[in-house]
Amino acid sequence: MSTYATIVHVDMDAFYASVAERDDPTLRGKALVVGAGARGVVLSANYEARKFGIRAAMPVGRAQRMAPHAIFVPPNHARYSEVSDAIMKIFADFTPLVEPLSLDEAFLDVTGARRLLGTGREIGTEIRKRVFEQEGITCSVGIAPSKFIAKLASGHCKPNGLLEIAPDRILTFLHPLPVSALWGVGPKTAETLEQLGLRTVEDVANLPRATLIRAIGQAAGETLHELAWGRDFRDVTPEDVDKSISAAETFAHDLDNPEEILQEFLRLTQKATARLRDKGLFAKTISIKVRFADFTTINRSKTLPLATDSAHEAYEVVKDLYTALRIERARLRLVGVSLENLVSAAPEQMVLGARDKGWRDAERAIDRARARFGRLSVRPGRLIENSEDEIDE
């Protein structure tokens, strides 16, 4: 039996679009795009839609012009979380060492399972079979001795494939790839490397380490030098999939009225904190996103001394962050709220003279009412007029 670790990277194929097809089989075989509203962005496109050049993060309006016949459906994040939870449970049947990267991909260290479940290839094959039989969607699996190579492998066998890179084939596989294949190489670093005449991973590997460090800095230079030789010693670290919970809205038309914009921030804060409470989590950092009509985007955040799951507390922070921008009457295309630095418990601040029942109790009561009578049964008075315009994210 090999003494090398066996790391499996599993990546769902066009996850959001695949879930939509699974729930509505009449969509199969057609160009399908997940994205709401002509001013929204594409979250996912199936492989039929990608034939027309449609990609994630592209404006929906542009995608509609590229493929007018394609079917556009609004995203359903609650449904994606439900399917993702089921998939993560499948992974846990193979190993306790599962590190989710997002809803639709994860690393698994199956080294300890080989004696009982077979080789890495056999385990990867069984995972793909279980995911398809149980959830009706496909995934791609990369297998290698390290996380870095396993993730590259899964990307090279998409869609619906399996690729194993044995230890003695790592450099043969890795070195012909472009420098952008290396983790941490964004557009700016890629430009710097290209100015040095480095176009492939092999070029980076053969550059003296000291020269690489001088060009891009100590930390980045050391990391890229190691990765270029296929060396990645990071362990698979089990952790919760939720690193943040967010909600965003692209407006049907640009908004410049601060009162309307604050109403949107309130609605998004309510939505995000409800999901937070539903998962039993608390957030220490609260962020806002503001995108102007020219697509310029700015983000602001604040870290609290105590984590919270209260919409009231979170909105006070959101309002202060927005007001501090001093962008009155600027035309906005999108705003968003993100709850980050999540923890599973939060100490409660004891305040002298505080009421016995605070906002946290009131909001839990509201959650129970909404669960019983519907999402719009209880809401702030200032949101009543807009409630009928809400869309499902």
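## Notebook: helix packing, sheets and one buried aspartate

I began with the crossing of H11 and H12, which is right-handed. I note here that the model is a predicted one.

**Entry 1. H11, H12 and H9**

I looked up the extent of both helices: H11 covers residues 209-216 and H12 covers residues 218-228. Their axes come within 7 Å and cross at roughly 135°. I therefore recorded H11 as oblique to H12. For the contact, I listed Arg209, Leu212, Ile213 and Ile216 from H11. Opposite them I found Gln218, Ala220, Gly221, Glu222, Leu224 and His225 of H12. Sorted by class, this contact of H11 with H12 holds 5 nonpolar, 3 polar and 2 charged residues.

I then asked which helix residues make the contact between H9 and H11. H9 spans residues 187-195 and packs with H11 at an angle of about 130°, the axes being 10 Å apart. The two helices are therefore oblique to each other. H9 passes H11 in a right-handed crossing. Thr189, Thr192 and Leu193 of H9 make the contact with Leu212, Ala215 and Ile216 of H11. I counted by class 4 nonpolar and 2 polar residues in the contact of H9 with H11, and no charged ones. I marked Leu212 and Ile216 of H11 in the contact with H9; Leu212 and Ile216 also appear in the contact with H12.

**Entry 2. The sheet of S9, S12, S10 and S11**

I next traced an open sheet of 4 strands, with antiparallel pairing and the order S9-S12-S10-S11. Its edge strands are S9 (244-255) and S11 (297-308), each of which pairs on one side only. On average, neighbouring strands of this sheet are turned by 15° against each other, direction ignored.

I examined one pairing in detail. S9 pairs with S12 (residues 332-343) in the antiparallel sense, over 8 bridges. I located serine 246 and found it opposite serine 338 in S12.

**Entry 3. H13 and H14 on that sheet**

I asked across which strands H13 lies. H13 lies across S9, S10 (282-292), S11 and S12, and runs at about 155° to S9. H14 lies across S10, S11 and S12, and its direction is at about 35° to S10.

I then looked up how the two helices meet. H13 (residues 258-278) and H14 (residues 311-325) pack at an angle of about 140°, with their axes 9 Å apart. I accordingly entered H13 as oblique to H14. The crossing of H13 past H14 is right-handed. On the H13 side I listed Pro258, Ile261, Leu262, Phe265, Leu266, Thr269, Gln270, Thr273 and Arg277. The H14 side supplies Ala311, Ala314, Tyr315, Val318, Lys319 and Tyr322. By class, I recorded 10 nonpolar, 3 polar and 2 charged residues for the contact of H13 with H14.

**Entry 4. The sheet of S3, S2 and S4, and helix H1**

I turned to an open sheet of 3 strands in the order S3-S2-S4, with mixed pairing. S3 and S4 are the edge strands, each pairing on one side only. I found that S2 and S4 pair in the parallel sense over 3 bridges. In S4, phenylalanine 72 is the bridge partner of valine 33. H1 packs on this sheet and touches S2, S3 and S4; the direction of H1 makes about 115° with that of S2.

I asked how many of the 9 residues of H1 are buried. The count for H1 (residues 15-23) is 7, so this helix is largely enclosed by the rest of the structure. I listed the buried residues of H1 as Phe15, Tyr16, Ala17, Ser18, Val19, Ala20 and Glu21. They pack against S1 (7-12), S2 (32-34), S3 (44-45), S4 (71-73) and helix H4 (77-92).

**Entry 5. Aspartate 11**

I finished with a single residue, aspartate 11, which I placed in strand S1. Is aspartate 11 buried or exposed? Its relative accessibility is 14%, and buried means under 20%, so aspartate 11 counts as buried. Leaving aside residues up to four places away in sequence, I found that aspartate 11 touches Asp104, Glu105, Cys139, Ser140, Ser154 and Lys158.

Key: Residues are numbered from 1 along each chain as its sequence is written. This is a predicted model: local features need pLDDT of at least 70, side-chain atom pairs count only at pLDDT 80 or more; totals for chains, interfaces and linings use all residues. Side-chain values use heavy atoms; hydrogens and water are left out. Axes are lines fitted to C-alpha atoms, for helices over the stretch in contact, and angles run from 0 to 180 degrees between N-to-C directions. Angles under 35 degrees count as roughly parallel, over 145 as roughly antiparallel, 65 to 115 as roughly perpendicular and the rest as oblique. A crossing is left-handed if the near helix is turned anticlockwise from the far one by less than a right angle, and right-handed if clockwise. Contact means heavy atoms within 4.5 Å. Ala, Val, Leu, Ile, Met, Phe, Trp, Tyr, Cys and Pro count as nonpolar, Asp, Glu, Lys and Arg as charged, and the others, Gly among them, as polar. Two strands pair if DSSP finds at least two bridges between them. Buried means under 20% relative accessible area, exposed over 50%, partly exposed in between (1.4 Å probe, protein chains only).
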